[in-house]
There are 2 protein chains.
Amino acid sequence: MSTIERPLPAEVFSGLDRVGPVPLYAQVAERLEALIADGTLPSGTRLENEIAMGERFGLSRPTMRRAIQVLVDKGLLVRRRGVGTQVVQGSITRRAELSSLYDDLAQDGRRPTTEVLVYEQLLPSPELTQLLGVEVDHPVLHLRRLRSADGVPIALMENHLIAAPTVGREELEHRGLYEMLRERGSTMRVARQFVTARAATKEEAKLLDVRVGGPILTLERTAYDQSGQIVEIGHTHYRPDRYTIEFTLVAK
Amino acid sequence: MSTIERPLPAEVFSGLDRVGPVPLYAQVAERLEALIADGTLPSGTRLENEIAMGERFGLSRPTMRRAIQVLVDKGLLVRRRGVGTQVVQGSITRRAELSSLYDDLAQDGRRPTTEVLVYEQLLPSPELTQLLGVEVDHPVLHLRRLRSADGVPIALMENHLIAAPTVGREELEHRGLYEMLRERGSTMRVARQFVTARAATKEEAKLLDVRVGGPILTLERTAYDQSGQIVEIGHTHYRPDRYTIEFTLVAK
DNA sequence: CAGTGGTCTAGACCACTTA
DNA sequence: AAGTGGTCTAGACCACTGA
């Protein structure tokens, strides 16, 4: 409720790194996000106007604006013309990123493990050829993995990958797929995702340790790399009592 | 696969409205999106560099950049420094907006109908008070609605609204909730959403016409308005065979 | 090395909100 | 009327990519 404006400690505004690789707007956004996260800027707090803040940081208005916009896009700040910029209520900072389940779990302090059930090169079916946009004789890597956290099965993951013969089976047991692909020069940039639910099949029930016919949360993903090419089609089936998909929408 | 650069018809670049309320960058983004949607700019097409395009439109580089960035954020374009801007493969333009289910269905040409099951003012429970950040004696509007499309039940929606005594019961039968709130000065700006699945209860099964214990897709949402205040907490239960949640992630 | 996008600046004008 | 964010311009320098 409070729309109080609070003076911030001076050290917040100094010490930006103008030579390193991190853009100024990103550094500023990071600092402001930290202030929101640690409660220095509580819900409802009104920020100074962007020109004044820019001056404090020693930045031009466009750069300061851009820093603020990063947090608006994350759903942490709200702006109104003629009024000002405020911290959103209940802004527990949370991700909904293009990251891997493996990283998510590890970041939460859980111990992710992976069992590789299927690892095979195959020539794609006609439908898959169409979906992936590859030639009929272009081999595709087909993976089926069971991901657990602290020993409890969480997700059954099925992937079809283009041009990834270098992804080794053993390495898949201990690392996230996206991380491995990134190292090999294929960075995921865009992913289109469809989420729904359905009844567990006999096999899924067995692997995920749930009741046959019970609810399964399913996610279908098409991932594109930095050149706009499809690099992966994934189908993931989650145990709904163990996993929730979270995301933030921001009106543009 | 094609990284062909194609000449665009000259009329694409002319006739921007410099006096109307629609920003130039939005007009340009709209035009480019249309070109992608209608196949004039097929998957993989490489765009001219941003300075050249800006000149064609008669725009400065920052404005042209901003127009392009809109489409990058939508997942339609991909950019690489030193290389250029390309149309993403398989870019069927699709939404994942902060819009209402009612609008979504209507836009798809289906006939949405709504049955209001519960419409009551109530004093929030302690937990709800905490969640909404309201006073204990602040009344909250509690709604329970069944949304159908073409006569088939799609979703069971439960909402707790702050300060919305002006939302009439009858009107709810024929319009979307968000649209009604917008008219009353409360525009949704941010929504934090959690998606999972669970087994249908007896009541849900009856209302949604599914099997008891069968899969239900559930979405929990906290919505904030333009001043960062919570205005709604919603729980929606979807029939998974009739509804899929779609969203696009873009790496920043 | 030429061409691309990424960042940053300094300033201008405007629309909207609030009082 | 004063203060805010929203838009737009004109230019600069840099980092990265690929031939």
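Here are four short exercises, each with a worked solution, on a predicted model of two protein chains with DNA.

**Exercise 1. How are chains A and B related?**

Start with the superposition: a turn of 180° with a shift of 0.0 Å along the axis lays chain B on chain A, and the RMSD comes out at 0.0 Å. The two copies are therefore related as by a two-fold rotation axis. Next, check the contact surface: 100% of the contact residues of chain B recur in chain A, so the same surface serves both copies. To find the axis from the chain B side, go to B:Pro215, whose C-alpha comes closest of that chain's residues, at 2.1 Å.

**Exercise 2. Work out which residues touch the most other members of the largest nonpolar core, then list the contacts of B:Ile245.**

The core has 30 residues, and those touching the most other members are A:Val195, A:Ile245, B:Val195 and B:Ile245. Now take B:Ile245 and leave out residues up to four places away in sequence. From chain A, B:Ile245 touches Gln193, Phe194, Val195 and Phe247 (A:Gln193, A:Phe194, A:Val195 and A:Phe247). Within chain B, the partners are B:Val195, B:Leu217, B:Leu219 and B:Tyr238.

**Exercise 3. Describe the protein surface near DNA strand C.**

- Step one, the residues: 26 of them surround DNA strand C, and A:Leu24, A:Thr63, A:Arg66, B:Arg61 and B:Gly82 come nearest. On the DNA side, sugar and phosphate make up 67% of the strand's atoms that come within 4 Å of the protein.
- Step two, the elements: chain A brings helix H1 (24-37) and helix H3 (61-73), while chain B brings helix H3 (61-73), strand S1 (77-80) and strand S2 (84-87), each with at least two residues. H3(A) gives the most, with four residues.
- Step three, the classes: count eleven charged, eight polar and seven nonpolar residues.
- Step four, some phosphate contacts: an N or O atom in the side chain of A:Tyr25 is 2.9 Å from a phosphate oxygen of DNA strand C. B:Asn49 puts a polar side-chain atom 3.1 Å from a phosphate oxygen, whereas B:Glu50 uses a backbone N or O atom, also at 3.1 Å.

**Exercise 4. Is B:Met53 buried or exposed, and what does it touch?**

First place the residue: B:Met53 is in helix H2 (residues 50-57) of chain B. Its relative accessibility is 2%, so B:Met53 counts as buried; the cut-off is under 20%. Setting aside residues up to four places away in sequence, B:Met53 touches B:Phe13, B:Leu32, B:Leu47, B:Glu48 and B:Met64. Finally, look at B:Met64: eleven residues separate it from B:Met53 along the chain, and their C-alpha atoms are 7.2 Å apart.

How values were computed: Residues numbered from 1 in each chain as written. Chains lettered and ligands numbered in written order. Predicted model: local features only at pLDDT ≥ 70, side-chain atom pairs only at ≥ 80, totals over all residues. Heavy atoms only, no water. Core = buried A, V, L, I, M, F, W, Y, C linked by side-chain atoms within 4.5 Å. Buried < 20%, exposed > 50% of the residue type's maximum accessible area, 1.4 Å probe, protein only. Contact = heavy atoms within 4.5 Å. Near = heavy atom within 4 Å. Polar contact = N/O pair within 3.5 Å; in protein donor to acceptor, adjacent residues only side chain to side chain. Nonpolar A, V, L, I, M, F, W, Y, C, P; charged D, E, K, R; others polar. Least-squares fit on C-alpha atoms with pLDDT ≥ 70 in both.
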